[in-house]
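Trainee: I would like to learn how to read a salt bridge and a helix crossing in a model. Could we go through them one by one, with the structure in front of us?

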Amino acid sequence: MLTWQVAGHGPLRTLDERLGRTVAGGGFPSSAAHFLADLGNTAVALPVLLLVMVWAGWRGGQGWRRGSREAVADGVRGRWWLPPLAAGAALAAVPALVVPLKLWLARPGPPRMAGGAHDGFYPSGHAATAAVAYGVAALLVLTGRAGREERRRGRRAAVAVLVAGVLVAELGVGVGLVRCGYHWPLDVLGSWCLAGVLLAAWCAVCGRWGPGTGDGRNRVPEAAGPRSAAPQCPATTDDPRGAVPERPRGRAAYCRTEASDGDGRRAGPGPAGGQSSG
């Protein structure tokens, strides 16, 4: 809907440009606005994501190599490399999608950007880069901490802090871009919508083919089987009801037959095989 309004010069685009001029001439500090806008630069967002990718890959590979207790419990041995690799692919998809849209729509920029080398300002590449890089970095941190039993109590707090941090950072990038006169508000909103699609695609890929998924092929087999299994006692020839197994004593298995002997007494326990000792 936003793209349709921008491409068709709809009423929403008129209101957007009016709001952009108001924000650009507002009283928000210019130095802070430039600092926030720079958070969307690739030179800033890419190193942050790379650092988190290296950490996520190291942590996943460490659990796979050492077969830690956490890996056994959560089944994270298979395809530990997929989440960080998909994160890099999500960020690489930003220019692959933003640049063609800019060339196709060719929306003019704010008055401060008049006379520039290009007219493609929708959607904002800086806003999309910040949303995808910081968003997928937060997802990597959350998935990397999911299996730690000792920290599950603080997981909700960590989720709240990370989500709030990403939202504040992205909102600051958007305000800085509009305040500095680099983009219109709809340019930023359109980038957020595009980033939401990429983040949802990352979640779908990692949820379908990521660690610990896929018909149990990535799951670590059970470390130990049952402590003890009931012995299988064959049925006796003279009693069709068979024998009832008793609990094993050491390595020997004993069975108790339900048939009575000739003088009405029940047979006592005997060795495995169902034969009474009397």
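Mentor: In this predicted model, Asp187 and Arg107 form a salt bridge in which the closest N and O atoms are 2.8 Å apart. Asp187 belongs to helix 9 (residues 185–209) and Arg107 to the loop between helix 6 and helix 7, so the pair ties together parts that are 80 residues apart in sequence.

Trainee: Is Asp187 buried or exposed?

Mentor: Asp187 counts as buried because its relative accessibility is 0%, where buried means under 20% relative accessible area. Arg107 is likewise buried, with a relative accessible area of 1%.

Trainee: Which residues are joined into one network by salt bridges that share partners?

Mentor: The network consists of Arg13, Asp16, Glu17, Arg107 and Asp187. Within it, the side chains of Arg107 and Asp16 meet at 2.7 Å, N to O; Asp16 lies in helix 2, so this pair ties together parts that are 91 residues apart in sequence. Arg107 also forms a salt bridge with Glu17, at 3.7 Å, N to O, and both of these residues are buried. A search of the whole structure finds four salt bridges.

Trainee: How do helix 3 and helix 8 cross?

Mentor: Two packed helices are described by the angle between their axes and the distance between the axes. Here the axes of helix 3 and helix 8 (residues 155–179) come within 7 Å and cross at roughly 120°, and the two helices are therefore oblique to each other. Their crossing is left-handed.

Terms used: Residues numbered from 1 in each chain as written. Predicted model: local features only at pLDDT ≥ 70, side-chain atom pairs only at ≥ 80, totals over all residues. Heavy atoms only, no water. Axes fitted to C-alpha atoms, helices over the stretch in contact; angles between N-to-C directions. Helix = DSSP H or I, 4+ residues; strand = E, 2+ residues; numbered from the N terminus. Parallel < 35°, antiparallel > 145°, perpendicular 65-115°, else oblique. Left-handed = near helix turned anticlockwise from the far one by under 90°. Buried < 20%, exposed > 50% of the residue type's maximum accessible area, 1.4 Å probe, protein only.
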